[in-house]
Amino acid sequence: MGLAVLPPDSEDDAPVQKHAQDVDIISDSDESMNDEPSRPSKRARLSSSTSRTIVLPGEVITDESSWMRGHGTYMNDSSTIMTATLAGPLLKTNKLLSVAPLRARYNPEIGDLVVGRIVEVQKSRWKVDVAAPLLAQLPLSSINLPGGVLRRRTTADELQMRNYFQEGDLLVAEVQQIGSSDGTASLHTRSLKYGKLRNGTFLSVSGTGGGGGVVRSRRQVFTINSGAQGGGDVDVILGVNGYVWLSKHIEQAEDQGKMSGGVSISNLDDMVSSSIYSSQNDSIEEGTRREIARIAECIRILAENAVRVDEDTVVRAYEAAVDAEMSVEGQDELSVLDNIRRRIVDAAIH
């Protein structure tokens with residue numbers, strides 16, 4: 001069977017451009033091909049409905065001079081045209097326009113609570129992965145040592161560094177300072193609420209961007225009571241860097257110190273013992289492990305749907321997950337999972 005080759009359409013029958021109905025273009029019949037193409041007479045004005053519009057690098061956002069340029073945008077000094085430099089949703093804050101990247105690395109700031117992983121042991125310091133462009137460092141002088149917090153670090157302490165932290169250990173720390181030359185973060189654990197992590201599970205929501213991730217300047221260490229579901233209390237640590245730690249609740253030395261009259265410089269040495277650097281996990285009941293897994297899945301669902309992760313959203317998502325699981329018994333498994341996910345996101349947003 002032969003194939004019929006049709007002749008190309010003439011220019012008069014060419015389809016009209018799709019953008020002709022959206023943008024009014026000034027056309028001149030006497031314009032030659034060598035002349036510079038004319039610019040549109042008007043551009044689409046930026047409205048509140050474009051706050052979740054996905055823009056691409058090089059795309060023109062607006063040419064109105066009333067808008068201020070934010071992160072992820074570029075504006076030439078001799079022009080009022082604002083273009084995007086990142087791929088992501090366009091965010092509008094009053095008169096400030098910015099683009100949130102779809103995936104981003106953590107930018108350390110002083111005072112941030114972070115969860116990190118030891119990747120290297122060096123002389124008098126540890127290298128820690130905190131999801132930043134550069135590895136953070138934890139100096140030996142910035143941790144509590146058993147037997148005296150104020151004593152001077154010696155060569156013997158450097159030889160015993162692996163007794164405190166070794167490769168693969170997880171810890172929670174605070175950003176103490178940022179290097180002026182390369183921006184390397186320096187951490188410290190000079191508090192009883194910081195240190196090595198155990199009795200739990202680790203998950204990461206870093207690099208999500210697009211409005212997701214852990215909220216800064218909110219309470220990041222809290223406890224969820226899951227006794228009604230047959231589990232114990234679960235401690236939640238939300239690192240600003242996007243690393244999250246969920247563990248069985250254990251009375252810390254600070255809680256014991258409050259019951260005994262408080263923790264001070266004089267009795268802090270008694271509170272700091274070698275047990276805080278132990279890598280041996282305690283016994284965790286089955287109900288507590290189940291609730292830890294439930295909370296971890298709620299946080300993953302929030303991150304996948306670009307919902308900011310903080311104490312309020314996590315608690316609401318956990319309560320919605322428990323209620324949804326109780327109300328959908330006997331239904332199809334796939335529909336149950338979709339229903340639970342939808343109810344978790346709706347509860348966290350509203």
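**Figure 1. R341 and the salt-bridge network that joins helix 5 to helix 7.** In this predicted model, R341 is partly exposed, with a relative accessible area of 33%, and its side chain forms a salt bridge with E304 in which the closest N and O atoms are 3.2 Å apart. Because R341 lies in helix 7 and E304 in helix 5, the pair ties together parts of the chain that are 37 residues apart in sequence. E304, the partner in helix 5, counts as exposed at 56% relative accessibility. The view also takes in E297 and R300, since E297, R300, E304 and R341 are linked in a network of salt bridges.

**Figure 2. Two salt bridges within helix 5.** One of these pairs joins R300 to E297, with 3.5 Å between the closest N and O atoms, and the two residues are separated by about one helical turn because they stand three residues apart in helix 5. R300 is partly exposed at 36% relative accessibility, and E297 is likewise partly exposed, with a relative accessible area of 32%. The other pair joins the side chains of R294 and E291, at an N to O distance of 3.0 Å, and here too a spacing of three residues in helix 5 corresponds to about one helical turn. What sets the surroundings of this pair, buried or exposed positions? R294 counts as buried at 15% relative accessibility, and E291 is buried as well, with a relative accessible area of 0%. In the structure as a whole there are nine salt bridges.

**Figure 3. The antiparallel sheet on which helix 5 packs.** Four strands form an open sheet in the order 14-18-17-16, and their pairing is antiparallel. Strand 14 (200-204) and strand 16 (221-225) are the edge strands, each of which pairs on one side only. On average, and with direction ignored, neighbouring strands of this sheet are turned by 20° against each other. Helix 5 (residues 286-304) packs on the sheet and touches strand 14, strand 16, strand 17 and strand 18 (243-248), while the direction of the helix makes about 160° with that of strand 18. Within the sheet, strand 16 and strand 17 (residues 233-238) pair in the antiparallel sense over five bridges, and the bridge partner of F222 in strand 17 is V236.

**Figure 4. A mixed sheet formed by strands 1, 6, 7 and 3.** This open sheet of four strands has the order 1-6-7-3, with mixed pairing. The edge strands are strand 1 (54-55) and strand 3 (68-69), and each of them pairs on one side only. Strand 6 (residues 88-93) and strand 7 pair in the antiparallel sense over four bridges, with L97 in strand 7 as the bridge partner of K92.

**Figure 5. A nonpolar surface patch that includes L102.** I54, L56 and L102 make a nonpolar patch of about 290 Å² on the surface. L102 lies in the loop between strand 7 (96-99) and strand 8 (113-122), and this residue is partly exposed, with a relative accessible area of 42%. For the chain as a whole, the exposed area is about 20900 Å², of which carbon and sulfur atoms supply 49%.

**Figure 6. The surroundings of T83 in strand 5.** T83 is found in strand 5 (residues 82-84) and counts as buried at 18% relative accessibility. When residues up to four places away in sequence are not counted, T83 touches G58, E59, V60, I61, G72, T73 and Y74. In the chain, which has 350 residues, buried residues make up 39%, and among contacts with a separation of 6 or more, those between residues 24 or more positions apart account for 63%.

**Figure 7. V336 in helix 7, shown with E325.** V336 is found in helix 7 (residues 333-349), where this residue counts as buried at 14% relative accessibility. V336 and E325 are 11 residues apart in sequence, and their C-alpha atoms are 7.9 Å apart in space. Helix 7 belongs to a chain that has seven helices and 19 strands.

Terms used: Residues numbered from 1 in each chain as written. Predicted model: local features only at pLDDT ≥ 70, side-chain atom pairs only at ≥ 80, totals over all residues. Heavy atoms only, no water. Pairing = 2+ DSSP bridges. Axes fitted to C-alpha atoms, helices over the stretch in contact; angles between N-to-C directions. Contact = heavy atoms within 4.5 Å. Patch = residues over 30% accessible without salt bridge, like charges linked within 9 Å, V, L, I, M, F, W, Y side chains within 5 Å. Areas by Shrake-Rupley, 256 points an atom, 1.4 Å probe, with all protein chains shown as cover. Salt bridge = Lys/Arg side-chain N within 4 Å of Asp/Glu carboxyl O. Buried < 20%, exposed > 50% of the residue type's maximum accessible area, 1.4 Å probe, protein only.
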